[in-house]
Each structure stands twice: as structure tokens, then as C-alpha cells.
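Biologist: Hi, have you got a minute to go through this one with me? I'd like to start with the packing and then move on to whatever else turns up.

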Amino acid sequence: EELTKGHEELKRENEERRTREEELTKGHEELKRENEDRRTREEELSRVHEELKKESEERRLREESLIKKHEEEINKHTEDNRIKEEEHTKSNQEQKTRVEELTTQIEELNKQIQESKTREEALNKQHEESLSKQTEEMKTKEEELNKTLEQLKTENE
């Protein structure tokens, strides 16, 4: 009877261990899925980041083209002013005003470009920090689950 009782107790303990192992295995599989989901999100974020970089480069090229056009226009107006200065003093003043407005626009565009670059750098840094933190958290969870699983396997053996 004592042996039967001990045998039943061992059966219960083994069943409890198996249940814990199944739960740990389930948790481990869930962590694997979460890691795969994280990798998928990281890939998507990376793809979006590349698209943003491409868009930023295209915007920079357009802005450079606009700046060049503005500079060419400024130079043209300046030359026109020089030629017509003796006959058109009033027109000359209007042209100088236009040149100043264009210069202000160029300065504003340059300021906007710099602000955009600063925002992009901040977002990139924030993104990298967030991904690093998530990766560390997932690694820690996975290590804890693996350790617990190994302990249960050792106990079961």
C-alpha cells in the first residue's frame, strides 16, 4: 500500500512536471512568435526608414534645384538691374526688393532643410533606442524561459 501510495504520488508529481514543461514550451513558442513578429516589425520599420531616406534625398534634390533656380533668377535680376539702372531707378529698386525676397526664401528653405534633418536624426535615434530596448527585453525573457525549462528538465530527469 505504501509503495502504491508512493507510486501514485510520483505519478502526480510527474504529471505536474509534464504540465509545467508543456506550459514552459508553450511560453517558449509564444516568445518565438513574438520574436518573429518583432523581426517582421523591424524589417518593416527598416523598409519605411529606407523609403524615408529616399524621399528625403528626392526632397533635397528638389530643394537644391529650387535654390539653383532662385540663384539664377537672382543673378538675372541683378544683371538686369545693372543694365537698366540709369534709365529705371524705380524699377531698379523693385528688382532689389525681389532679390531680397528670394534671398529670404532661400534662407527659409535652408532653415527648413536643417530642421527636417534634425527631426529625422532624432526620429532615427529614437527608433534605434526603441529597437535596442525591445531586443534586450525579448532576449532576457527568452533566457529566463530557457533557464526555467532546463531546470524543469533536470528535475524531471
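Biologist: Which residues does I74 touch, not counting those up to four places away in sequence?
Modeller: Happy to help, and bear in mind that this is a predicted model. With those neighbours left out, I74 touches V99, L102, T103 and I106.

Biologist: Thanks! Which residues make up the largest nonpolar core?
Modeller: That core has six residues, namely I67, I74, V99, L102, I106 and I113. Both α1 and α2 supply at least two residues each.

Biologist: And where does the largest share of this core come from?
Modeller: From α2, which gives four residues. As background, nonpolar side chains tend to be buried together in soluble globular proteins.

Biologist: Changing topic, what about pockets? What volume does the largest pocket have?
Modeller: The largest pocket comes out at about 320 Å³. It is lined by 15 residues, and the closest to its centre are H49, L52, E120, L123 and N124.

Biologist: Which helices each supply at least two residues of that lining?
Modeller: Those are α1, spanning 2-84, and α2, spanning 89-156. The largest share of the lining is from α2, with eight residues.

Biologist: How many of the lining residues are nonpolar, polar and charged?
Modeller: By class, the lining of the largest pocket has seven polar residues, four nonpolar and four charged.

Biologist: Next, H28. Is H28 buried or exposed?
Modeller: H28 sits in helix α1. Its relative accessible area is 14%, so H28 counts as buried, the cut-off being under 20%.

Biologist: What does the side chain of H28 make a polar contact with?
Modeller: The partner is the side chain of N146, at 3.4 Å. If you set aside neighbours within four places in sequence, H28 is in contact with E142, L145 and N146.

Biologist: Good, now a couple of glutamates. Where is E64, and how far is E64 from E108 in space?
Modeller: E64 is in helix α1. Its C-alpha is 13 Å from that of E108, and the two are 44 residues apart in sequence.

Biologist: Why does E64 count as partly exposed?
Modeller: Because its relative accessibility is 40%, and partly exposed covers the range between the 20% and 50% cut-offs.

Biologist: Last one: what separates the C-alpha atoms of E44 and E8?
Modeller: A distance of 53 Å, with their positions 36 residues apart along the chain. E44 lies in helix α1, and E44 is partly exposed, at 37% relative accessible area.

Biologist: Great, that covers my list. Thanks!

Methods: Residues are numbered from 1 along each chain as its sequence is written. This is a predicted model: local features need pLDDT of at least 70, side-chain atom pairs count only at pLDDT 80 or more; totals for chains, interfaces and linings use all residues. Side-chain values use heavy atoms; hydrogens and water are left out. On a 1 Å grid over the protein atoms alone, a cavity is a set of points where a 1.4 Å probe fits but cannot get out, and a pocket is an open set with protein on both sides within 12 Å along at least five of seven lines; lining residues have an atom within 4 Å of a point. Grid points are joined across faces, edges and corners, and a volume is the space filled by probe spheres set on the points. Ala, Val, Leu, Ile, Met, Phe, Trp, Tyr, Cys and Pro count as nonpolar, Asp, Glu, Lys and Arg as charged, and the others, Gly among them, as polar. Buried means under 20% relative accessible area, exposed over 50%, partly exposed in between (1.4 Å probe, protein chains only). A polar contact is a pair of N or O atoms within 3.5 Å; within protein, one must be able to donate a hydrogen and the other to accept it, and residues adjacent in sequence count only if both atoms are side-chain atoms. Contact means heavy atoms within 4.5 Å. A nonpolar core is a set of buried Ala, Val, Leu, Ile, Met, Phe, Trp, Tyr and Cys residues joined through side-chain atoms within 4.5 Å.
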